[in-house]
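Student: I'm new to this one and a bit lost. Please pick a single part and give me a close look at it.

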Amino acid sequence: MAEVEETRADLAAMRAEYGAGHSGPRDPGSRQVVHDSELDENSVAGGWEPLLRQWMEQATVAGVAEPNAMVLATLDSAGQAPRPVTRTVLCKGLSPEGVVFYTNYDSAKGEQLEASPYASATFLWTHLARQVHLRGRVERVAAAVTETYWRSRPRESQLGAWASAQSRPIGSRDDLDRQLMRTTARFAGAAEIPVPPHWGGYLLRPGEVEFWQGRRGRLHNRIVLRIAGQGMTVLRLQP
């Protein structure tokens, strides 16, 4: 029991001090994150996409591993009431229309999006003390868009997409490796591997985008854009 209490105490003490120019005392083991510019309403004057792209590029320069990773939340309506389900995917397209990711259409998230085509996505760059949340409707991208991205994937990744019945149970790792061996043999003579009929891209069209920037004393900056048609409302939220 004492060991459990000690772990809880450690968790309670974990915190980072955010904000530029902070030179005051910090808790032992805490981490300070510094920003060059202040997030405010003017930061999104040109819309949400330019700032998200800028933050993602800055995360890349800062050496963040997979700066295009985002936590995707969908709704599982298999039970009596919808339940949220989250997992991490990679953003593979960004435009004023929204963010694009790819997956197996027959996977758990594919089935959930088929039943309820709405999702949220969160980008988190801890070392930069920045987050971006997007919420909106999801739709499949055109087959030509999927084809273009598929051609950019390594052959090994293409084989994996054919070999894996994503989200379905399997007996062992050996069984999965055997499926890959059979798939590799199947396409051994193919110069190009075709796109699986059950695989492709989704576009999340945000109706709301929130930018978060960590600040001192937990008085963080939160700027949200609410999008309706061609109109856009910008609000500052209290942290």
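Tutor: Gly46, Gly47, Trp48, Glu49, Pro50, Pro96, Glu97, Arg205, Pro206, Ile227 and Met232 line the second largest pocket of this predicted model. Helix H2 (48–61) and strand E9 (199–213) are the elements that each give two or more residues to that lining. H2 has the largest share, with three residues. The pocket holds about 150 Å³, counted as space filled by probe spheres on grid points. Here a pocket is an open set of points on a 1 Å grid where a 1.4 Å probe fits, with protein on both sides within 12 Å along at least five of seven lines; lining residues have an atom within 4 Å of a point.

Now set it beside the largest pocket, at about 450 Å³. Of the 16 residues lining that one, Tyr102, Thr103, Arg153, Gln166 and Trp199 sit closest to the centre. Strands E4 (83–90) and E6 (98–104), along with helix H5 (155–163), each supply at least two lining residues there.

H5 also faces inward: Gln158, Leu159, Ala161, Trp162 and Ala163 are its buried residues (under 20% relative accessible area, 1.4 Å probe). These pack against helix H4 (143–152), helix H6 (173–186) and E9, with contact meaning heavy atoms within 4.5 Å. So E9 turns up twice: it packs against H5's buried residues and helps line the second largest pocket.

Numbering runs from 1 along each chain. Local features need pLDDT of at least 70, side-chain atom pairs 80 or more, while totals use all residues, and hydrogens and water are left out.

Terms used
Buried means under 20% relative accessible area, exposed over 50%, partly exposed in between (1.4 Å probe, protein chains only). Helices (H or I, at least four residues) and strands (E, at least two) are DSSP runs, numbered from the N terminus.
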